[in-house]
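Visitor: I have a model in front of me and would like to know how each descriptive word is justified. Could we take the terms one at a time?

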Amino acid sequence: MVMKQGFTQNQTQQQKQVQRLAMTQTLQQSIQMLQYNAEELQNFLKQKEMDNPLITVEVAEERPLSKVSKNSDTHETFMNQIASDTEQSLFDYLLDQVHLTMRDTPLRKLVLFLLDYVDQNGYLRITKDEIKQKTQADDIAIMDAITLLQQLDPPGVGARTLQESLMLQTENDEGSPEIAYMVLEESFDDLVDRNWEKIAQRYDITLAEVQEVFDYVRTLTPNPGAGFGKQDRGYITPDLIFKLENGEPRLIQSKASRPRVSFSQEYFEQLRKKADDEVSSYVNEKKREYDWIAKSLTQRQDTILRVGKIIFERQQDFFLQKSKELSPLMLRDVANKLHLHESTVSRAVNGKYIATPFGTFELRSFFSNAVNQTSDVSADAAKLKIKEIIDQEDKEKPISDAKIEKQLKAQGVTISRRTVAKYREALGIPSSSKRKRYLEK
């Protein structure tokens with residue numbers, strides 16, 4: 001009798017453990033669904049539809065957005081100059097040009113050999129010695145083949161260094177400053193290090209002319225092949241939409257982020273009536289799967305919308321375009337207000353976007369720490385003020401971080417000079433000595 005009692009007790013404990021494990025799996029699946037962005041969610045549900053004959057997924061088509069805005073201005077980069085609307089690979093693009101422009105000669109065969117060593121950014125990643133070893137070609141043929149490769153489009157392709165790529169682009173551009181190619185060839189390091197007085201003396205030109213060369217070089221790209229073969233266009237689908245209707249602000253969920261999952265009750269009843277225990281077990285399992293999908297989907301939509309509303313309330317001036325500055329807002333602020341775990345809020349904002357009349361933003365971008373514990377100014381707002389001060393400075397006499405600190409203090413933003421330097425560097429703005437420009441008098 002005692003043995004039976006012990007067995008029953010052990011069995012009960014085992015059942016509790018299994019139930020706890022099942023709950024954990026369901027919770028993990030719900031968390032995973034919250035973490036998905038709109039596109040990933042649709043793909044996940046479509047896969048579930050294929051696996052479960054009892055559910056049907058309906059996804060409303062919504063025009064995807066390809067441009068994601070940021071809360072603060074960003075500096076131009078070389079990559080902004082690259083056109084990325086071609087799906088043809090760089091290799092295929094170069095191969096077409098070789099076949100169209102070169103006769104079938106041993107030299108063309110050598111150029112075709114080199115194409116295999118052009119990386120996705122357009123650089124030739126093989127040395128002359130390696131070429132000689134693999135092809136048995138002589139030095140003259142190798143140099144001729146490299147020259148032919150470097151004459152192909154896009155300008156700069158086939159270069160072995162950044163310096164060479166910029167020189168090729170400059171050589172190919174009739175609108176380049178007259179002395180640009182020579183400066184790149186002979187004084188590249190001085191140009192990069194901003195030793196402009198040295199360059200001006202060497203070529204007997206003014207500092208303004210050196211400035212012109214530097215400004216021109218910044219329009220070139222360090223990666224001439226990077227715009228090719230990109231299948232992913234970077235399209236995103238917003239989860240939330242902010243709009244003004246008759247002057248009244250509205251925050252709604254997009255149709256694409258609200259897929260509908262319906263259950264075929266009639267088919268379920270038909271299958272369940274079958275005497276086969278295996279079929280009955282199968283359909284019951286699929287019914288449970290539908291239940292947690294429907295519940296998790298509702299929780300996901302509710303959580304994202306609730307978080308979005310808190311963000312809007314806190315950053316209302318930004319949304320109504322009364323100010324470009326963001327108020328301090330942290331994940332834990334939203335978590336505490338909604339009685340959620342901080343990690344849940346993090347999952348709800350990562351990869352989720354809100355569309356507005358003036359741009360599309362990731363929800364996470366609206367979170368910003370205060371510049372210090374006693375301030376109601378966010379770090380992003382401080383960065384924006386720093387940028388505005390620098391934009392208005394005398395370009396021939398840029399102001400130091402210490403002077404920026406004083407100007408910020410006069411505007412009610414108290415931060416240290418070191419913090420000013422940190423924020424300036426985060427904005428990609430060089431120090432005052434490197435911001436100096438030389439203008440013609």
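Visitor: What share of the contacts in the protein chain with a separation of 6 or more comes from residues 24 or more positions apart?

Guide: The share is 64%, where contact means heavy atoms within 4.5 Å. This is a predicted model, in which local features need pLDDT of at least 70 and side-chain atom pairs count only at pLDDT 80 or more, while totals for chains, interfaces and linings use all residues. Residues are numbered from 1 along each chain as its sequence is written, and side-chain values use heavy atoms, with hydrogens and water left out.

Visitor: What is the mean pLDDT of the protein chain, and where is pLDDT below 50?

Guide: On a scale from 0 to 100 for the predictor's confidence in each residue, the chain averages 80, and 83% of its residues reach 70 or more. Residues 1–23 are below 50, and this stretch has zero contacts in the model beyond near neighbours in sequence. Residues 70–86 also stay under 50, although the model gives them 36 contacts beyond four places in sequence. Where pLDDT is low, the predicted coordinates should not be read in detail.

Visitor: What makes strand 3 and strand 6 edge strands?

Guide: Four strands form an open sheet with mixed pairing, in the order 3-2-5-6. Strand 3 (248–253) and strand 6 (359–362) each pair on one side only, and they are the edge strands. Strands here are DSSP runs of E with at least two residues, and helices are runs of H or I with at least four, both numbered from the N terminus.

Visitor: How do you know that strand 2 pairs with strand 3?

Guide: Pairing requires that DSSP finds at least two bridges between two strands; six bridges join strand 2 (residues 240–245) to strand 3, and the two run antiparallel, so the requirement is met. Lys 243 stands opposite Arg 250 in strand 3.

Visitor: Why does the span of helix 17 agree with what its residues should give?

Guide: The expected span is 1.5 Å times one less than the number of residues. For the 13 residues of helix 17 (residues 379–391) this should be 18 Å, and the end C-alpha atoms are 18 Å apart, so the two agree.

Visitor: Which residues of helix 17 are called buried, and what do they pack against?

Guide: Buried means under 20% relative accessible area, with exposed over 50% and partly exposed in between (1.4 Å probe, protein chains only). Among the residues of helix 17 that qualify are Ala 379, Leu 384, Lys 385 and Ile 389. The buried residues of this helix pack against helix 18 (401–410), helix 19 (417–426) and helix 20 (432–435).
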